[in-house]
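Hi,

Here is the structure I promised to pass on. Have a look, and my notes follow underneath.

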Amino acid sequence: MSIFTDFGLRQIINASGKMTALGASAVSDQVATALQSAAQDYVDISELYIKAGEVIAGYTGAEDALPTTGAAAGIAIATAAVITGTNLDLIERIPNVDQVPTEIIVQKGHSVNFGAPIAQMIAIGGGTVVEVGQSNQVELDHIKQAINENTAGLFYIKSHHAVQKGMQSLENMVAVAKEHHLPIIVDAAAEEDLKKYIQLGADLVIYSGGKALEGPTTGFICGKKELIEACRKQYKGVGRPMKVGKEGIMGLLVAIQRYHEKESNAADQLSRMEAFAKRVNEEVKGVSASIVQDEAGRAIYRAKLIVDEKQTGFTAYRLIHELENANPAIYTRNHYANLNIINVDPRPLLKGQENIIVNRLKEILGGTEK
Ligand SMILES: *Cc1c(COP(=O)(O)O)cnc(C)c1O
């Protein structure tokens, strides 16, 4: 049925989002073809890195770009770049450099875990993370007053993982960075807008290839010419164990090309989730469904299921456990499970799989009597 089931793995129905733990994205035929043809051929790799950078830069409006294995590698490489520039001796010593500024300022509510800690990725790149303010409140003065002669740059995380309230805006951070002639890096791993953060004045912006772009397991950094040159040079140092191969790069380029051409399918996803929510409300006992927009304001409309613990005898956690530990395994979005809320994300769901979810919910919880 699939290469995974051929090897005895369970079938996965992914209603959780672009989850790295579930394989991030299922790529289109065009991207799959790009992966295959690149993998079966040869190319001058350094030429490929330059060309890929030009292509990505074209779609992001940045001066230049660099493909990476993912956004996490992008964080490490971008950090290393602002610390070392193109100095080969420093590049070869990352993450253990001294006598140059290494402090990277991050708002406390941005220092999150996306599957691994952002702060650790910065440290791999040689950065000394300086968290400023409190996790729910950061003043501009916290940022300004943390700047000293050891400051190498500022780091802004645009993500639903980050605290959304009480943080300083990117615009404010850019202004502080410019005032102090410091570079500012933006982690926009899962963002849909490939141009916005460059336009807002970020020096380096990091994206994941396997999230909004629905590409293979890759990513990229785009930004200022000299800084991207410094990023590219990190492949002679800390970037080497994060080397992205020719097939990944070509898959990424085709994914960006297609992303640019593709119109949004948010409307289609919304109507699928509306039909799903209607069925849940009518057919599943003790669960009420509605539609909610993405917390970070992206054009993603998910079905929100509220599990009535009294009526069903199930907490959301127990229901999630039942859904995940079967074959097919159903994975939902569980950030609010503590409130007995489960979200269903339409983006990774193949057509019709929403009906499998309704049926499974009925099996576990019982249907409503008619
Ligand atoms: C997913 C994510 C990453 C890591 O991206 P990969 O491409 O999986 O390496 C980094 N930062 C944020 C905010 C993310 O959401």
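Let me start with Tyr207, which is buried, its relative accessible area being 1%. Please keep in mind that this is a predicted model. Phe220 is buried too, with a relative accessible area of 0%. The two belong together: the ring centres of Tyr207 and Phe220 are 5.2 Å apart and the planes are at 25 degrees, so this pair counts as stacked, given that the cut-off for stacking is under 30 degrees. The pair joins distant parts of the chain, with Tyr207 in strand β7 (residues 204-208) and Phe220 in strand β8 (residues 219-223), 13 residues apart.

How many aromatic pairs does a search of the whole structure find? The search turns up two. Besides the stacked pair of Tyr207 and Phe220, there is Tyr49 with Tyr235, and that one is edge-to-face, at 5.2 Å centre to centre with 70 degrees between the planes. This pair also links distant parts of the chain: Tyr49 sits in helix α3 (residues 45-60), while Tyr235 is in the loop between α10 and α11 (246-261), 186 residues apart. Tyr49 and Tyr235 are both buried.

Now for the helix packing. Helix α4 (residues 71-84) and helix α10 (residues 225-233) have axes that come within 8 Å and cross at roughly 115 degrees. The two helices are therefore roughly perpendicular to each other, as the range for that label is 65 to 115 degrees. The crossing of α4 past α10 is right-handed. Which residues make the contact? On the α4 side they are Ile77, Ala78, Ala81 and Val82, and on the α10 side Leu227, Ala230 and Cys231. Sorted by character, the residues of this contact come out as seven nonpolar, no polar and no charged.

One last residue to look at is Gln107, in strand β3 (residues 103-107). Is Gln107 buried or exposed? Gln107 is buried, with a relative accessible area of 0%, where the cut-off for buried is under 20%. Leaving aside residues up to four places away in sequence, Gln107 touches Val132, Val138, Ile143, Tyr156, Met167, Gln168 and Met173. Another glutamine, Gln168, is thus one of the residues that Gln107 touches.

That's what I have for now.

Cheers

How values were computed
Residues are numbered from 1 along each chain as its sequence is written. This is a predicted model: local features need pLDDT of at least 70, side-chain atom pairs count only at pLDDT 80 or more; totals for chains, interfaces and linings use all residues. Side-chain values use heavy atoms; hydrogens and water are left out. Axes are lines fitted to C-alpha atoms, for helices over the stretch in contact, and angles run from 0 to 180 degrees between N-to-C directions. Helices (H or I, at least four residues) and strands (E, at least two) are DSSP runs, numbered from the N terminus. Angles under 35 degrees count as roughly parallel, over 145 as roughly antiparallel, 65 to 115 as roughly perpendicular and the rest as oblique. A crossing is left-handed if the near helix is turned anticlockwise from the far one by less than a right angle, and right-handed if clockwise. Contact means heavy atoms within 4.5 Å. Ala, Val, Leu, Ile, Met, Phe, Trp, Tyr, Cys and Pro count as nonpolar, Asp, Glu, Lys and Arg as charged, and the others, Gly among them, as polar. Rings of Phe, Tyr and Trp (its six-membered ring) pair if their centres lie within 6.5 Å; planes under 30 degrees apart count as stacked, over 60 as edge-to-face and the rest as tilted. Buried means under 20% relative accessible area, exposed over 50%, partly exposed in between (1.4 Å probe, protein chains only).
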